[in-house]
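Work through the exercises below with the model open. Try each task before reading its solution.

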Amino acid sequence: AASSMWGGRFAVGPAAIMSRINASIDFDKRLYAQDIRGSQAHCRMLVRQKILTEADGDAIVQGLEQVRQEIESGQFRFSHELEDIHMNVEARLAELIGEAAGRLHTARSRNDQVATDFRLWVRDAIDGMDGALKGLQQALITRAEEHAATVMPGFTHLQAAQPVTFGHHMLAYVEMIGRDRGRLADARVRLNECPLGSAALAGTSFPIDRHFTAAQLDFAAPMNNSLDGVSDRDFALEFMAACSICAVHLSRLAEELVIWTSAQFRFVTLSDAFTTGSSIMPQKRNPDAAELIRAKTGRVIGDLNALLIVMKGLPLAYSKDMQDDKEPVFEVADTMELSIAAMTGMIGDMKVNTLILKAAAGAGFTTATDIADWCVRELKMPFRRAHHVAGSLVKLAESKGCDIDQLSLDEMQSVEPGITEQARAVLAVDHSVASRVSFGGTAPLRVREQVAAARAKWLEG
Ligand code: ARG
């Protein structure tokens with residue numbers, strides 16, 4: 001309340017705005033389950049160490065259980081005056097069990113409390129995301145198997161390059177998503193140490209057992225240094241960095257879907273379920289979900305940057321700046337969840353237009369490399385010269401307005417007399433992809449092997 005002497009002029013205004021800038025409850029209420037779990041572990045440890053009586057400990061653990069139920073049933077009244085989730089939960093606990101509630105915060109600070117809660121939250125987010133990415137890999141692998149032998153143009157510079165198989169293209173993303181899962185798993189290992197017991201910054205004089213609380217919360221170990229425990233948010237940065245890279249992968253696939261669904265490509269068709277119409281152009285079927293995945297990548301990268309910039313100037317230990325770590329992380333987690341689910345849906349939904357893909361696969365002289373390879377193999381030509389021969393055939397075909405395989409044998413032999421009828425066979429796109437049997441290559445045979453290997457590696461166990 002305002003001082004009666006100057007309150008009219010000062011206290012109410014600043015107090016209100018102070019509360020608005022300071023309160024984090026509107027967003028950090030999402031930490032409630034982790035906060036309660038952390039408090040229960042801390043309480044059990046205090047009892048075990050005889051810092052708290054069993055009676056108080058039981059009252060606290062059960063009271064926290066009731067708070068959890070109130071929050072989950074929507075009865076809980078969150079208060080801005082109580083700033084954050086930690087104070088909201090503790091204040092309600094005091095209403096429920098009285099004075100014993102005030103003993104919970106023994107040997108603890110909100111600084112180690114929030115660091116613990118947030119690690120638990122990010123750990124859960126990583127686990128959820130891993131499951132979602134596995135689902136996306138499953139969808140990609142299913143389409144890869146279906147289309148192990150479906151020929152399509154492969155591009156470099158978005159110029160037709162060489163024929164590849166659609167399955168091979170799907171599996172490229174399975175690999176990328178696999179590395180994303182690996183990055184998240186690596187981040188999880190480094191994240192999985194417990195800051196609880198760091199207290200405000202220096203540790204505590206109470207005989208706490210940090211190994212016990214760490215184990216209760218499924219952390220591998222307590223963090224070694226109490227200053228570090230309350231000061232760093234590298235685990236959140238690492239999570240967002242891994243998500244940013246993953247989002248870039250999703251964005252590239254989204255971009256391909258946008259291109260592939262266009263009337264000029266028509267490589268794939270999305271159903272009504274994953275497209276929208278236009279209010280003016282009746283023919284439109286817009287790939288909005290793909291466009292939005294592409295767009296939201298900007299937010300994910302932006303959120304990573306936002307927290308990097310928050311952290312870069314902070315002296316040890318805790319500064320309130322670090323309260324601003326949560327919204328970026330929540331937005332990244334929510335955005336990733338949505339984008340991965342939408343992408344998984346589209347991959348399952350898309351109709352792959354195999355005839356159009358096949359026709360496109362041969363357009364743009366994409367098998368010119370195959371005729372060059374033939375000259376190397378059959379005529380023992382150095383590759384550089386063979387490249388020149390194939391280039392001349394392309395030039396000749398271009399001048400006649402036809403494909404290389406439509407040149408007559410005489411015309412081909414005018415470029416290179418060694419060319420025989422047999423050389424024509426290698427110009428077929430199916431022949432081209434079937435010949436690419438090198439490890440990791442695009443041949444249907446290899447794609448089917450890769451499908452089995454990817455299943456075993458990413459989906460089983
Ligand atoms: N809401 C705060 C945060 O998220 C909790 C820690 C507050 N600590 C403090 N010393 N004010 O960072």
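At 26% relative accessibility, Arg110 counts as partly exposed, because that class runs between buried (under 20% relative accessible area) and exposed (over 50%), with a 1.4 Å probe and protein chains only. The model is predicted: local features need pLDDT of at least 70, side-chain atom pairs count only at pLDDT 80 or more, and totals for chains, interfaces and linings use all residues. Numbering starts from 1 along each chain as its sequence is written, and side-chain values use heavy atoms, without hydrogens and water.

**Exercise 1.** Find which side chain meets Arg110 in a salt bridge, and place both residues.

Solution.
- Apply the criterion: a side-chain nitrogen of Lys or Arg within 4 Å of a carboxyl oxygen of Asp or Glu.
- The partner is Asp84, at 2.6 Å, N to O.
- Arg110 sits in helix 6, and Asp84 in the loop between helix 4 (54-72) and helix 5 (85-97). The two are 26 residues apart, and the pair links distant parts of the chain.
- Asp84 is buried, with a relative accessible area of 4%.

Helices here are DSSP runs (H or I, at least four residues), numbered from the N terminus.

**Exercise 2.** Decide why the pair Arg30 and Asp334 ties together parts far along the sequence.

Solution.
- The two side chains form a salt bridge of 2.8 Å, N to O.
- Arg30 lies in the loop between helix 2 (25-28) and helix 3, and Asp334 in helix 12, so the pair joins parts 304 residues apart in sequence.
- Arg30 is partly exposed at 35% relative accessible area. Asp334 is partly exposed too, at 33%.
- The whole structure holds 26 salt bridges.

**Exercise 3.** Place Arg190 and Glu238, then check their contact.

Solution.
- Arg190 is in helix 7 (residues 166-191) and Glu238 in helix 10 (residues 234-260), 48 residues apart.
- Their side chains meet in a salt bridge at 2.5 Å, N to O.
- Glu238 has 23% relative accessibility and counts as partly exposed.

**Exercise 4.** Asp35 has no salt bridge; what does its side chain contact instead?

Solution.
- Asp35 lies in helix 3 (residues 32-48).
- Asp35 is buried, and the nearest side chain of opposite charge, Arg108, is 5.6 Å away. For charge, Lys and Arg count as positive and Asp and Glu as negative; His and the chain ends are not counted.
- The side chain of Asp35 makes a polar contact with that of Gln113, at 2.9 Å. Such a contact is a pair of N or O atoms within 3.5 Å; within protein, one must be able to donate a hydrogen and the other to accept it, and residues adjacent in sequence count only if both atoms are side-chain atoms.
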